[in-house]
Amino acid sequence: MQQIRCNVSNCSFYGEGNYCQASEIIVQASPYSYDEQVNNEYTNAILNGEVQTSAGQSVETFCQTFRSRY
C-alpha cells in the first residue's frame with residue numbers, strides 16, 4: 001500500500017509521521033465551499049464516477065477527504 005503524506009494535523013485522518021490514515025482519499029479540482037448535504041452528494045458523485053474535473057497545478061486542487069478532528 002502506498003503512503004499518503006499530509007501535514008494537516010487537525011484532520012481526523014492525520015497520523016504520526018504526517019501519514020494519512022484514511023482508507024481512501026478524494027481529491028477534487030477547483031475547491032468549492034458547500035453545505036454538508038451538497039458536500040455529501042458531490043462526494044458520492046465523485047465516488048460513482050459521475051464527476052470528472054481537471055487542474056493545471058496542485059494549488060488548484062484540494063483533499064475532500066478532510067474531516068476536522070475538533
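This note walks through a predicted model of a protein, point by point.

1. **Ground rules.** Numbering starts from 1 along each chain as its sequence is written, and because the model is predicted, local features need pLDDT of at least 70, side-chain atom pairs count only at pLDDT 80 or more, and totals for chains, interfaces and linings use all residues. Side-chain values use heavy atoms, with hydrogens and water left out.

2. **Overall layout.** The protein has one helix and four strands. Their order along the sequence is β-β-β-α-β. Helices (H or I, at least four residues) and strands (E, at least two) are DSSP runs, numbered from the N terminus. The C-alpha trace spans about 35 × 30 × 25 Å along its principal axes.

3. **Surface and burial.** The accessible surface comes to about 5400 Å². Carbon and sulfur atoms hold 47% of that surface. These areas come from the Shrake-Rupley method with a 1.4 Å probe, and for residues only the protein chains shown count as cover. The protein has 70 residues, and 19% of them count as buried. Buried means under 20% relative accessible area, exposed means over 50%, and partly exposed lies in between (1.4 Å probe, protein chains only).

4. **Contacts along the chain.** Take the contacts with a separation of 6 or more. Of these, 56% are between residues 24 or more positions apart. A contact here means heavy atoms within 4.5 Å.

5. **Tyr19 and Arg5.** Tyr19 lies in strand β2, which covers residues 19–20. Tyr19 counts as partly exposed because its relative accessible area is 28%. Beyond four places in sequence, Tyr19 touches Gln3, Ile4, Arg5, Cys6, Phe13 and Tyr14. Arg5 deserves a close look. The charged end of Arg5 sits over the Tyr19 ring, 4.3 Å from its centre. That label requires NZ of Lys or CZ of Arg within 6 Å of the ring centre and within 35 degrees of the ring normal. The side chains of Tyr19 and Arg5 are also joined by a polar contact of 3.2 Å. A polar contact is a pair of N or O atoms within 3.5 Å; within protein, one must be able to donate a hydrogen and the other to accept it, and residues adjacent in sequence count only if both atoms are side-chain atoms. Leu47 is 28 residues from Tyr19 in sequence and 22 Å away in space, C-alpha to C-alpha.

6. **A positive phi.** Asn18 sits in the loop between β1 (14–15) and β2. Its phi is near 65°, a positive value in a residue other than glycine. Most residues other than glycine have a negative phi. Asn18 is partly exposed, since its relative accessible area is 27%.

7. **Cysteines.** How many disulfides does the structure hold? Zero. A disulfide is a pair of cysteine sulfur atoms within 2.5 Å. The Cys11 sulfur has its closest cysteine sulfur in Cys6, 6.0 Å away, so the two are too far apart for a bond. Cys11 is buried, at 7% relative accessible area. Cys63 is in no disulfide either, and its nearest cysteine sulfur, that of Cys20, is 6.3 Å away. Cys63 is partly exposed, at 34%.

8. **Gln28.** Gln28 belongs to strand β3 (residues 27–29). With a relative accessibility of 3%, Gln28 counts as buried. Leaving aside neighbours within four places in sequence, its contacts are Tyr42, Ile46, Glu60, Thr61, Phe62 and Gln64.

9. **Thr65 and Ile25.** Thr65 follows β4 (61–63), in the segment after that strand. Its relative accessibility is 11%, so Thr65 is buried. Not counting neighbours within four places in sequence, Thr65 meets Phe13, Ala22, Glu24, Ile25 and Ile26. Ile25 lies in the loop between β2 and β3. Ile25 is partly exposed, at 36%. Beyond four places in sequence, Ile25 touches Ile4, Cys20 and Thr65. Its C-alpha is 17 Å from that of Ala55, 30 residues apart along the chain.

10. **Val59.** Val59 is in the loop between α1 (36–47) and β4. Buried or exposed? Val59 is exposed, because its relative accessible area is 64%. The C-alpha atoms of Val59 and Gly15 are separated by 23 Å, with their positions 44 residues apart along the chain.
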